[in-house]
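Q: Please take a close look at one part of the structure shown here, and set out the cut-offs behind each term as you go.
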Amino acid sequence: MKRGFTPIILALALAGVAAAVPASWRARYDKLERVYAAKDMAGLSALCAKDLVWVQVDGTKKNRAETLAEFAGMFQSDKVRVHEKLLSVKKNGNTVDVSCEVFAVFSVKGK
């Protein structure tokens, strides 16, 4: 019986986290996925704040220019598929902390 409760509790907990993400942010990330698929650097640039700081999993930080340069390299792939699952969005003054899981596939012909 205990096994049956764990997945249910986990599902409810995840549903609670998902509910914390405002619809406007979900729409923004849907647009971001379309920008990735189109390999649209101008569109990506337009979505990024001028003072963007991208904090990596290991805690290192990339500024806007470094972030856009990394994506420009990834956009050299023949096909780009990215899905971002938003986990939470927390506003703190002028800062917004976004937590998400990113799933990406970059296809290169012959590789």
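How many residues does the largest nonpolar core have, and which of them have the most contacts inside it?

A: This is a predicted model, in which local features need pLDDT of at least 70 and side-chain atom pairs count only at pLDDT 80 or more, whereas totals for chains, interfaces and linings use all residues. Residues are numbered from 1 along each chain as its sequence is written, and side-chain values use heavy atoms, with hydrogens and water left out.

The largest nonpolar core has 16 residues, and those with the most contacts inside it are Leu32, Tyr36, Leu44, Phe71, Phe75 and Val80. A nonpolar core here is a set of buried Ala, Val, Leu, Ile, Met, Phe, Trp, Tyr and Cys residues joined through side-chain atoms within 4.5 Å, where buried stands for under 20% relative accessible area, exposed for over 50% and partly exposed for what lies in between (1.4 Å probe, protein chains only). Helix 2, helix 3 (41-47), helix 4 and strand 3 (79-92) each supply at least two residues of this core; these elements are DSSP runs numbered from the N terminus, helices being H or I with at least four residues and strands E with at least two. As background, nonpolar side chains in soluble globular proteins tend to be buried together.

The chain holds four helices and four strands, which run α-α-α-β-β-α-β-β from the N terminus on. Of its 111 residues, 22% are buried.

Two of the core residues named above, Tyr36 and Phe71, are also an aromatic pair, one of five in the structure. Rings of Phe, Tyr and Trp (its six-membered ring) pair if their centres lie within 6.5 Å, and planes under 30 degrees apart count as stacked, those over 60 as edge-to-face and the rest as tilted. Because the ring centres of Tyr36 and Phe71 are 5.4 Å apart and their planes meet at 10 degrees, this pair is stacked. It links distant parts of the chain, as Tyr36 belongs to helix 2 (residues 23-38) and Phe71 to helix 4 (residues 64-74), 35 residues apart. Both Tyr36 and Phe71 are buried, and together with Trp54 and Phe75 they form one aromatic cluster. If neighbours within four places in sequence are left aside, Phe71 is in contact (heavy atoms within 4.5 Å) with Tyr36, Met41, Leu44 and Trp54.

Trp54 leads on to a polar detail, since its backbone oxygen lies 3.4 Å from a polar atom of the side chain of Gln56. Gln56 sits in the loop between strand 1 (53-55) and strand 2 (61-63), and with a relative accessibility of 19% Gln56 counts as buried.

Helix 4 is also where Glu70 should be sought, and the side chains of Lys62 and Glu70 meet in a salt bridge at 2.1 Å, N to O. A salt bridge requires a side-chain nitrogen of Lys or Arg within 4 Å of a carboxyl oxygen of Asp or Glu, and by this rule the count is one. Lys62 is partly exposed at a relative accessible area of 22%, and Glu70 is likewise partly exposed, at 27%.

Finally, the loop between helix 2 and helix 3 contains Lys39, which has a positive phi of about 50 degrees although it is not a glycine. Its relative accessibility of 30% places Lys39 among the partly exposed residues.

Note on methods:
A polar contact is a pair of N or O atoms within 3.5 Å; within protein, one must be able to donate a hydrogen and the other to accept it, and residues adjacent in sequence count only if both atoms are side-chain atoms.
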